[in-house]
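Hi,

Here is the structure I promised to pass on. Have a look at it first, and then read on for what turned up.

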Amino acid sequence: MANGSKQIVDFAKIKATMADPYKHPVQVIDREGKVVDPDTLAKYSDDQLVDFMKKMVWERTLHEQTMNFSRQGRLGFYAPTAGEEASEMGSVTAFKEQDFLLPAYRDLPQMIQHGASVAKGFLWSKGHIQGNQYDNPNMIFPQIIIGAQYVETAGVALGIQKNGDKDRVAFVYTGDGGTSQGDWYEGINFTSAYQAPAVFFVQNNGWAISVPRRKQTAAETLAQKAVAMGVPSVQVDGMDIVAVHEVAKEAREFAAAGNGPVVIETLTYRYGAHSSAGDDPSRYRTKEEEKPWFDADPLIRMRKVLTDKKLWSQDQEDKLVEEYKDEFKNAMKEAEAAPAQKVSDFLKWTYDVPTPAVKKQIAEFEAKESK
């Protein structure tokens, strides 16, 4: 039998090209603030573009003020969001009040935009029970376990489908590190199997605490991981609020129409530490790496577009920042006025029917607290 030289499968070619459809991030405004997709930008009125900028300034100011409160010891855990304004504000504004949000711990800005108050966001950071109670019932408190919110989203999306709800989806966020968790795959796969309405966001900010994205997976893009689960996916420039909003809006419409879930990878960056708990990014990141991302700041991009259109000024922005600071300071006063939590209450909430041992502890602490 002759020896054949033809390969039946060219694995090297497959490996070299399997990420090709996902390596061209959707973009409307480039890193220099130049409009590269005028047709898409033309879909938005001047008022809408100005509102995008206001929301990003709002989030940047919220981040800076929250960091100040954290340094003053007035808050507990906080995950910085500076750099991710376009990814977060561009996406959350594409959804409707009836859509169900399942946030992670870095998603307080989206929660507030979706119906939580700023004070409730601060109370959540302080570990207060009232920080889990929102006026909009279509939202759950932030998930701390990495990727677990993806499994929860599968359940919510399936519930929406089973209830026959029309024009309603579930949407969820995680970071690049979340895609290395089994829950991420399981949640998307389950949702895809039942073609339930969900939009899954991966905010690829380059780092899972100190682990760089390149060490988490050999996949060239995170978006391509969705293909294995039969889910359409896309990369988008996460520093471009218009591109993020347009992609998120189309994804929502696709999912709400009964076509199953979508995965969106936003290419963004967290400028600061992973959290207020104390990691030092200078120990694992270099200024050379950071500079291109600071140069691509989403506020700088949008500021240029609006300034060129004579829709924005520095004075206007400065006044907004001061208004937002006052709003956040008042929200902190409201949060600090919430009644102090008691150990006896925590014990009462542990079981629906307290055990004899817990009943005894409740009585002991109530006696101490009444003094």
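The residues around the largest cavity split into eight nonpolar and three polar, with no charged ones. Keep in mind that this is a predicted model. The cavity in question has a volume of about 80 Å³, and the count of cavities of 30 Å³ or more comes to one.

Who lines it? The residues are Leu62, Thr66, Leu75, Tyr78, Leu108, Pro109, Ile112, Val118, Gly121, Phe122 and Ser125. Helix 3, helix 5 (108-113) and helix 6 (118-125) are the elements that each give two or more residues to that lining. Helix 6 gives the most, with four residues.

Next, the largest pocket. Its volume is about 290 Å³, and 23 residues line it. If you want to find the spot on your screen, go to Tyr105, Ile146, Gly175, Gly178 and His274, which lie nearest the centre of the pocket. Two elements give two or more residues to the pocket lining, namely strand 2 (170-175) and strand 4 (207-208). Strand 2 has the largest share, with three residues. As for the kinds of residue here, the pocket lining has eight nonpolar, 10 polar and five charged residues. So much for the empty spaces.

The other thing I'd like you to look at is helix 12, which covers residues 298-308. Which of its residues are buried? They are Pro298, Leu299, Arg301, Met302, Val305 and Leu306. Looking down the axis of helix 12, these buried residues fall within an arc of 160°, so they line one face of the helix. A bit of background helps with that pattern: an α-helix has 3.6 residues a turn, so residues three or four places apart point the same way.

And what do the buried residues of helix 12 pack against? Their partners are helix 3 (46-71), helix 4 (85-92), strand 6 (233-237) and helix 10 (241-259). You have met helix 3 already, as one of the elements giving two or more residues to the lining of the largest cavity.

Both ends of helix 12 are worth a click too. At the N-terminal end, Asp297 acts as a cap, with a side-chain oxygen 2.7 Å from the backbone nitrogen of Leu299. After the helix comes Lys310, which has a positive phi, near 60°.

Cheers

Methods
Residues numbered from 1 in each chain as written. Predicted model: local features only at pLDDT ≥ 70, side-chain atom pairs only at ≥ 80, totals over all residues. Heavy atoms only, no water. Buried < 20%, exposed > 50% of the residue type's maximum accessible area, 1.4 Å probe, protein only. Arc of directions from axis to C-beta. Contact = heavy atoms within 4.5 Å. Polar contact = N/O pair within 3.5 Å; in protein donor to acceptor, adjacent residues only side chain to side chain. 1 Å grid on protein atoms, 1.4 Å probe; cavity = no way out; pocket = protein on both sides within 12 Å on 5 of 7 lines; lining within 4 Å. Points joined across faces, edges and corners; volume = space filled by probe spheres on them. Nonpolar A, V, L, I, M, F, W, Y, C, P; charged D, E, K, R; others polar.
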